[in-house]
Amino acid sequence: MKKLTLPISDEAIRDLKVGETVLLSGVMMTGRDAVHKWMNDAFIAKEVQPTEDDLAVYEAIKPILDGGIIYHCGPVVSGVETGDYKFLAAGPTTSIREEPYQADVMKYFNLKGVIGKGGMAGKTLQGCMDTPAVYFHAIGGAASLIAQSVQEVLTVHKLDFGVPEAMWVIDVKDFPVVVTMDSHGDSQHNVVEGKSQEVLANLMKK
Amino acid sequence: MQDLTQEILELIRRTSTDLPADVEAKLRTSYADEEPGSAAQGALDTILKNVDLARKNSTPICQDTGTLLFYVHYPEGLSTRKLKKQIQDAVVEATKLNYLRPNSVNTITGKNTGDNSGDDYYPTIHFEEVDENLPLTIELMLKGGGCENVGAQYKLPNTEMGAGRDLAGVRKVVLDAVHQAQGKGCAPGVLGIAIGGDRGGSYLASKETLLGKIGEENPNPELNAMEDQLTEEINQMGIGPMGFGGKTTVLDTKIKGLHRLPASYFVSVSYMCWAYRRRKMTVNGTEISYD
């Protein structure tokens, strides 16, 4: 099984093909709906004037995202009141909601991948080819198990977004994922959808 | 009236951390049915390991502890107003203990309440009165947002799919719903389907069907046959666990018919993810049991 440590090089990303299982280690960040909208509105599309806090967070996350990974995840975290954070349950959330933003976020921050579930669509696949980056699929619902690969919660940004929507900076070891969209334009999701479409068409004739 | 807050807290803990035996058994059968070494079997292996671990450590099976749906059958004379307060208090307490994720977001302000307190609609509680000599029962279902998002409602007829106002038409739109969902609702799922009713009632009933056990026979033979047929045909589509491809796309299908207006013919499909979390507590005087 292939092992990769963050930050990841473009060459290592180009080497990855759909179907490969990878164990990821290093520092990454969670980010989902509110985070992608915030990145887009304040920094990429520049529709909203960033606050001082926004700018400070931006400076803090930029080096983590350069060559790094965003994990689509809204964890269950203990110690929120004391600051002694620990991930108790941390499976992936459905990625397709980030489809409007993901490719732009990848290019803007030089992300090498995202981890999520359910796969993403054409715009993100093009983003994977251009950046380059890949889509890593984790097992949806396997939250207690995945939380065990989180060694340490280093810090959190934008906790005012709420626990599930905040940016949690985590150090992971051997986080198991499968490449389902690669930087060469291949997507396991397109393959499965195409095959199931054929079966559906036949069933609809009955 | 006795204070059941702690007992309801225990119901929440069990529901979030301990997958029901019928669901786990079905997942194990599915694991055995998938090709050895396939991504589908790998996904089910991870799922089953996670189920064991969550139970052992008493941590949430899935981080999305979902919409809380309480179904309460209360004996005549019991105060539902007081019981509702106890349920809401137990939900806040369960959140502090990390059995639940703070999941309640004010849609207008965008703020998360942080403790799963909410409004009159949160959590969802259905009350139904029973005879005064019967026990109080509280059933809880946790339904994650990913699977809730792939639910669908159709009105028949549907010209595009050639789906008329009959069970053959219902079959077609259900097949379409599952195809649209692909792996996004955390397949393998369980389908709760209601036919008829108004839009709201139809969706409610589709979720109520999910309170039944996996493999439970439908009392209506025609619907029972249709449930089996749909499960088999859907699994031919090859979407598989997590949408990786494979033989197991759904674990079971449950259908209920409702009376409707002559003008309306709704089909509501509620998709429950593999993390099909539901538990029941029964209160018989001071004796409380869970199953």
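**Group meeting: two sheets and a helix in chain B**

Okay, let's start with one residue pair: B:Leu68 stands opposite B:Leu142 in β3(B). Before I go on, keep in mind that this is a predicted model. That pair is our way into the sheet in domain 1, and I'll work outward from there.

So, B:Leu68 belongs to β1 (67–75) and B:Leu142 to β3 (136–143) of chain B. Those two strands, β1(B) and β3(B), run antiparallel and are joined by 7 bridges. Another pair on the same ladder is B:Tyr71, whose bridge partner in β3(B) is B:Glu139. On to β2, residues 124–130 of chain B: 7 bridges join β1(B) to β2(B) too, but here the strands run parallel. If you want a marker for that one, look at B:Pro75, which stands opposite B:Val130 in β2(B).

Now zoom out a bit. What order do the strands take in this sheet? Reading across, you get β2-β1-β3-β8-β9 of chain B, an open sheet of 5 strands with mixed pairing. β2 and β9 (287–290) of chain B are at the edges with a single partner strand each, so one side of each has no neighbour in the sheet. On average, neighbouring strands are turned by 15° against each other, ignoring direction. And there's a helix on this sheet: α4, residues 80–96 of chain B, lies across β1 and β2 of chain B and runs at about 145° to β1(B).

Right, domains. The assignment for chain B gives domain 1 as 5–14 + 61–144 + 277–290, and domain 2 as 146–272. Their C-alpha centres lie 26 Å apart. How many residues are in contact between the two? It's 9 residues of domain 1 of chain B with 7 residues of domain 2 of chain B. On the domain 1 side, our friends β1 and β3 of chain B each supply at least two of the residues that touch domain 2. By class, that side divides into 3 nonpolar, 2 polar and 4 charged residues.

Over to the other sheet in chain B. It's open again, with 4 strands in the order β4-β7-β5-β6, and the pairing is mixed. Here β4 and β6 of chain B are the edge strands, each pairing on one side only. The twist averages 15° from one strand to the next. At the β4 end, 4 bridges join β4(B) to β7(B), and these two run antiparallel. For a residue to click on, take B:Gln153, which stands opposite B:Ser268 in β7(B).

Which helix lies across these four strands? That's α6(B): it lies across β4, β5, β6 and β7 of chain B, at about 35° to β7(B). The helix covers residues 167–181, 15 of them, and reaches 21 Å from first C-alpha to last, close to the 21 Å expected at 1.5 Å a residue. Is α6(B) largely enclosed or largely open? Well, 11 of its 15 residues are buried, so α6(B) is largely enclosed by the rest of the structure. Among the buried ones are B:Val173, B:Val174 and B:Leu175, but also B:Lys172, B:Asp176 and B:His179. The cover includes β4, β5 (189–195), β6 (250–257), β7 (266–272) and α8 (221–236) of chain B, together with α7 (188–205) of chain A. Just after the helix comes B:Gln182, with a positive phi near 45°.

That α7 from chain A takes us to the interface. Here 43 residues of chain B are in contact with 37 residues of chain A. On the chain B side, the elements giving two or more residues are α3 (39–57), α5 (145–149), α6 and α8. α3(B) gives the most, with 9 residues. The class split on that side is 20 nonpolar, 17 polar and 6 charged.

Last stop, a strand in chain A: β6, residues 113–116. In a regular strand the side chains alternate between the two faces of the sheet. Here A:Gly113 and A:Ile115 point one way, A:Val114 and A:Gly116 the other, and all are buried. With β3(A), residues 69–71, there are 3 bridges and the run is parallel; A:Ile70 has A:Val114 as its bridge partner. With β7(A), residues 134–137, there are 4 bridges, again parallel, and A:Ile115 stands opposite A:Phe136.

That's my tour, over to you.

Technical notes: Residues numbered from 1 in each chain as written. Chains lettered and ligands numbered in written order. Predicted model: local features only at pLDDT ≥ 70, side-chain atom pairs only at ≥ 80, totals over all residues. Expected span 1.5 Å × (residues − 1). Buried ≥ 20, exposed ≤ 12 C-beta atoms within 10 Å, placed from the backbone. Nonpolar A, V, L, I, M, F, W, Y, C, P; charged D, E, K, R; others polar. Pairing = 2+ DSSP bridges. Axes fitted to C-alpha atoms, helices over the stretch in contact; angles between N-to-C directions. Domains from an automatic or database assignment.
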